[in-house]
Amino acid sequence: MSRSPYALDSTPSRRRFLAWSAGAVATGAIGVAGCSAPGGASTAEAAGTPSAKAGDLRQIGLDYPFTQLPLYATLVKLSTAAAKKHGVSLLTTSDASSADTQATNLTTWVTRKIPAIVSFPMVFEATEATAKRALDAGLIWVTYGGSLEHQSADIQFSFLEGGRLLGEAAAKWAEETLGGKGKIAFLTDSTIQLGRERTKGMVDAFTKAAPGVDVVAQEQAIDPDTGLSKTKAILAKHPDLNLVLGVTDAAAYGGFKALQQTGRKATDAKTFVGGQDGAAPSLLAIKQGTFYRASAALAPQDIANAIVDVPLAVAAGKANPGVQVPITLVGPTDTARIDALLAQNS
């Protein structure tokens, strides 16, 4: 059994998850043991004939459990504005990173017959029964950050593609700057679909394109504290580590800080750190010309639009209403894109 989405164990440091996070989205360390999201069924058991037609859908519930993250406030703000354009009100839960609280809140929403629910499950398999009850009640259920068997649609984030973009960029840098030699550590996630696909994308792409770089570690880390501690432990064995790639920008940013705290200058020419999500601290570090050199970034506005548009598409009876939110690699020369992403995160 794998664990909750970007929620590893119950230690306090993990409870701070993506300390920015423009995504994860993804886009991102909260603790509750759980099971992984079964990949695949994008609209496996849609809600048949949803009780709310597109023109009648006036409420959407956003259940995003990681309420302590800056991303949460950004998504609520942007999603509320996007919903308002369609004459829809946005409801939110207050799960406080607790799977039990999330389950209670979702059950309450199903009982109240909130017409459309967009949920980022902390424990995917345990959420199946709640999603099924929602569909049986004629409600719309949209899964955020993965897929459930019982759902009307899902919102995903080009998981494999983001990892591939980051891995290829880092490999190109290693070939050009290090002559294809050096050492790399990966900060990974095996707990959910999002993490597994991002991990596979970045590891496969990098090792294929830069086979001469030694992989000295692959450590589970998705939040800043764990990224910091795991990278410090790696540096104790490999002080000449050149690259750190993270499954999230949060973990990678922890690696970025670890390298600096152990004596690496922020502009060191032979160091590369990169992550995934487009988190504000990481974007700022890239813009400032540090050795944090790349992020496979999601736009919060794209995510917010999907939170509203997908339930509306389901209610309208559109075929294949789920979406893959696009992801773009940003680096030091992409200042306009970085500024636009930072503006969305403000």
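Me: Which residues make both faces of E9 count as covered?

Reply: Phe272, Gly274 and Gln276 on one side are buried, and Val273, Gly275 and Asp277 on the other side are buried too. Buried means under 20% relative accessible area, exposed over 50%, and partly exposed in between (1.4 Å probe, protein chains only). Strand E9 spans residues 272-277 and has six of its six residues buried, so the rest of the structure largely encloses it. Helices (H or I, at least four residues) and strands (E, at least two) are DSSP runs, numbered from the N terminus.

Me: What do these values rest on?

Reply: The model is predicted; local features need pLDDT of at least 70 and side-chain atom pairs pLDDT 80 or more, while totals for chains, interfaces and linings use all residues. Residues are numbered from 1 along each chain as its sequence is written, and side-chain values use heavy atoms, without hydrogens and water.

Me: What makes E8 and E9 a pair?

Reply: Three bridges join strand E8 (residues 243-246) to E9, and the two run parallel. Pairing requires at least two bridges found by DSSP, so three are enough. One of the partnerships is that of Leu245 with Gly274 in E9.

Me: Why are E2 and E11 called edge strands?

Reply: The open sheet has six strands in the order E2-E1-E3-E4-E5-E11, paired in parallel. Strand E2 (89-92) and strand E11 (323-324) each pair on one side only. Inside that order, strand E4 (residues 140-144) is joined to strand E5 (residues 153-156) by three bridges, and Tyr144 has Ile155 as its bridge partner in E5. Helix H9 (residues 300-315) packs on this sheet, touching E1, E2, E3, E4, E5 and E11, and its direction makes about 150° with that of E4.

Me: Why are H2 and H3 called roughly parallel?

Reply: Helix H2 (residues 99-112) and helix H3 (residues 124-136) pack at about 10°, with axes 10 Å apart. Angles under 35 degrees count as roughly parallel, over 145 as roughly antiparallel, 65 to 115 as roughly perpendicular and the rest as oblique. The pair is therefore roughly parallel. Leu106, Thr107 and Val110 of H2 meet Thr127, Thr130, Arg133 and Ala134 of H3, where contact means heavy atoms within 4.5 Å. By class, this contact has three nonpolar, three polar and one charged residues.

Me: What makes Arg164 and Glu161 a salt bridge?

Reply: Their side chains come to 2.6 Å, N to O. The rule asks for a side-chain nitrogen of Lys or Arg within 4 Å of a carboxyl oxygen of Asp or Glu, so the pair qualifies. Both residues lie in helix H4 (residues 159-178), three residues apart, about one turn of the helix. Arg164 is partly exposed at 30%, and Glu161 is partly exposed at 33%.

Me: Which other salt bridges can be set beside that one, Lys200 with Asp204 and Asp339 with Lys287 included, and where do they lie?

Reply: Lys200 and Asp204 have their closest N and O atoms 2.7 Å apart, and both lie in helix H5 (residues 193-209), four residues apart. Lys200 is partly exposed at 48%, as is Asp204 at 37%. For Asp339 and Lys287 the distance is 2.5 Å. This pair links distant parts of the chain, with Asp339 in helix H10 (residues 335-345) and Lys287 in helix H8 (residues 280-287), 52 residues apart. Asp339 is partly exposed at 34%, and Lys287 is partly exposed at 39%. Glu161, Arg164 and Glu168 form one network through salt bridges that share partners.

Me: How many salt bridges does the rule give?

Reply: The count is eight.

Terms used. Axes fitted to C-alpha atoms, helices over the stretch in contact; angles between N-to-C directions. Nonpolar A, V, L, I, M, F, W, Y, C, P; charged D, E, K, R; others polar.
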